Amino acid sequence: MTPRLTSTVLVSGLVRRADAAGGSAMVLAKGDATSGAILLLLLERGANPRFVERGIGPDGTPTLLPAGPRELADEAEASAYWRRRRERDRDLWVVELDIAGAERFAAETMNLC
């Protein structure tokens, strides 16, 4: 069995690395410290919102998977989505990440690529 980093360590690393790279990352909701799922709201300069979450890809390796609605009309719709998810899963972490190449950045930081 391969050791895994805890959700807290992954989120903390993502926030610190985003800040160091000139982007921003904000924890919108804290989940289970050890094994909570991680939902990311990705933005680029406050625009183009989309959700991805850490999961297992078709080949059995950890990856970022698309999540949520494909088209988000505004910030209120994005907020409503993650709040609904959080109501069903109190262990869920929700992190807003605003940086260029957000999906690639998150995958690299969370060692998913």
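**Q&A on a predicted model**

Me: What's the relative accessible area of L65?
Reply: Keep in mind that this model is predicted. Buried would need under 20% and exposed over 50%. L65 falls in between, so L65 counts as partly exposed, with a relative accessible area of 29%.

Me: Which strand holds L65?
Reply: Skipping neighbours within four places in sequence, L65 is in contact with F51, V52, E53, G55, I56 and G57. L65 itself lies in residues 62–67, and that run is strand β4.

Me: How far apart are the C-alpha atoms of L65 and E103?
Reply: Along the chain, L65 and E103 are 38 residues apart. In space, their C-alpha atoms are separated by 10.0 Å.

Me: Which residues form the aromatic pair?
Reply: Searching the whole structure turns up 1 aromatic pair. Its rings are tilted, 4.8 Å centre to centre with 55 degrees between the planes. One ring comes from strand β3 and the other from helix α2, so the pair ties together parts 30 residues apart in sequence. The partners are F51 and Y81.

Me: What's the relative accessible area of Y81?
Reply: F51 counts as buried at 2% relative accessibility. Y81 is buried too, because the cut-off is under 20% and its relative accessible area is 11%.

Me: How far from E96 is the nearest side chain of opposite charge?
Reply: E96 sits in strand β5 and touches residues including S24, M26 and L41. E96 is buried yet has no salt bridge. A salt bridge has to be within 4 Å, whereas R83, the nearest side chain of opposite charge, is away by 9.6 Å.

Key: Residues numbered from 1 in each chain as written. Predicted model: local features only at pLDDT ≥ 70, side-chain atom pairs only at ≥ 80, totals over all residues. Heavy atoms only, no water. Helix = DSSP H or I, 4+ residues; strand = E, 2+ residues; numbered from the N terminus. Buried < 20%, exposed > 50% of the residue type's maximum accessible area, 1.4 Å probe, protein only. Lys, Arg positive; Asp, Glu negative; His and termini not counted. Contact = heavy atoms within 4.5 Å. Phe/Tyr/Trp six-rings, centres within 6.5 Å; stacked < 30°, edge-to-face > 60°.
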